Amino acid sequence: MKHRLLTILLPLAAASLTAGCTTFTDNNVAARINDVEYSHEDLSGIINAIGIPEESANDLDTIRSVTSTLVIAGALNDYFGEQSIEITDADRDAATQGLAGSLPTFLEAPDGVQDLLVDAQAHLTIASALPNGAQAQLDAINAADVYIDPRIGTFDSATNAVVALG
């Protein structure tokens, strides 16, 4: 009887442990847009690179604003791929120059953070230059699978912004 009970309980215990672990796979994911994940460290790096004052860096409205921009840029990235719209080296160079000129701490940021900001800026700039830029942005967002860490909020596609839960 004890052997039989163990053969039933061990698989159940293993299953519950495995299920419990899967709830933590998104623990460091601040946002996911389709298949691209951004960590809380990515957000902190971007906030630092933007030069947001330390007293505002942990403000949820600041974090939501940065996350909103990542969602829009990430959605545009996939949309551009589907529409065969290419981000060129010249687009990235222009974005880099613009960011370096407008954000005093941009060049001090780690390369990965600089790359995130450059790609986001390039996507947003190109989308705004499209004849149907506003519609393209809406189409991109509506087609995107967006996850936001509930500690930050949720993405509201009506306003194209991350908002507080509730």
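**Group meeting: a three-stranded sheet and the helices around it**

Let me start with one pair of residues: Arg32 stands opposite Glu37 in β2. This is a predicted model, and I will work outward from that pair.

The pair belongs to a hairpin. Strands β1 and β2 form it, with two residues between them. One turn residue, Asn34, has a positive phi of about 55 degrees. β1 covers residues 29-33, and strand β2 covers residues 36-39. The two pair in the antiparallel sense, over four bridges. In general, strands of a sheet pair through backbone hydrogen bonds, either parallel or antiparallel.

What else does β1 pair with? Strand β3, residues 146-148, is joined to β1 by three bridges, and these two strands also run antiparallel. Here Ala31 stands opposite Ile148 in β3.

Put together, that is an open sheet of three strands in the order β2-β1-β3, with antiparallel pairing. β2 and β3 are the edge strands, each pairing on one side only. From one strand to the next, the twist averages 15 degrees.

Two helices to mention on this sheet. Helix α2, residues 40-50, packs on the sheet and touches β1 and β2; the direction of α2 makes about 65 degrees with that of β2. α4 packs on the sheet as well, touching β1, β2 and β3, and the direction of α4 makes about 25 degrees with that of β1.

Is β1 enclosed or open to the outside? Five of its five residues are buried, so β1 is largely enclosed by the rest of the structure.

Next, helix α7, residues 133-143. Which of its residues are buried? They are Gly133, Ala136, Ala140 and Ile141. These residues cover an arc of only 130 degrees around the axis, which puts them on the same side of α7. On the face turned away from that buried side are the exposed residues Ala134, Asn142 and Ala143. The cover over the buried residues of α7 includes α4 (60-83), α6 (111-129) and β4 (154-156). So α4 turns up twice in this talk: α4 packs on the sheet, and α4 is among the elements covering the buried residues of α7.

Now the chain as a whole. There are seven helices and five strands. From the N terminus on, the order is α-β-β-α-α-α-α-α-α-β-β-β. The chain has 166 residues, and buried ones make up 34% of them. Of the contacts with a separation of 6 or more, 61% are between residues 24 or more positions apart. The exposed surface is about 9,900 Å², with carbon and sulfur atoms supplying 55% of it.

Last, confidence. The mean pLDDT of the chain is 82, and 84% of the residues reach 70 or more. Where does pLDDT stay under 50? That is over residues 2-24, for which the model has one contact beyond four places in sequence.

Note on methods
Residues numbered from 1 in each chain as written. Predicted model: local features only at pLDDT ≥ 70, side-chain atom pairs only at ≥ 80, totals over all residues. Heavy atoms only, no water. Buried < 20%, exposed > 50% of the residue type's maximum accessible area, 1.4 Å probe, protein only. Contact = heavy atoms within 4.5 Å. Areas by Shrake-Rupley, 256 points an atom, 1.4 Å probe, with all protein chains shown as cover. Arc of directions from axis to C-beta. pLDDT = per-residue confidence, 0-100. Pairing = 2+ DSSP bridges. Axes fitted to C-alpha atoms, helices over the stretch in contact; angles between N-to-C directions.
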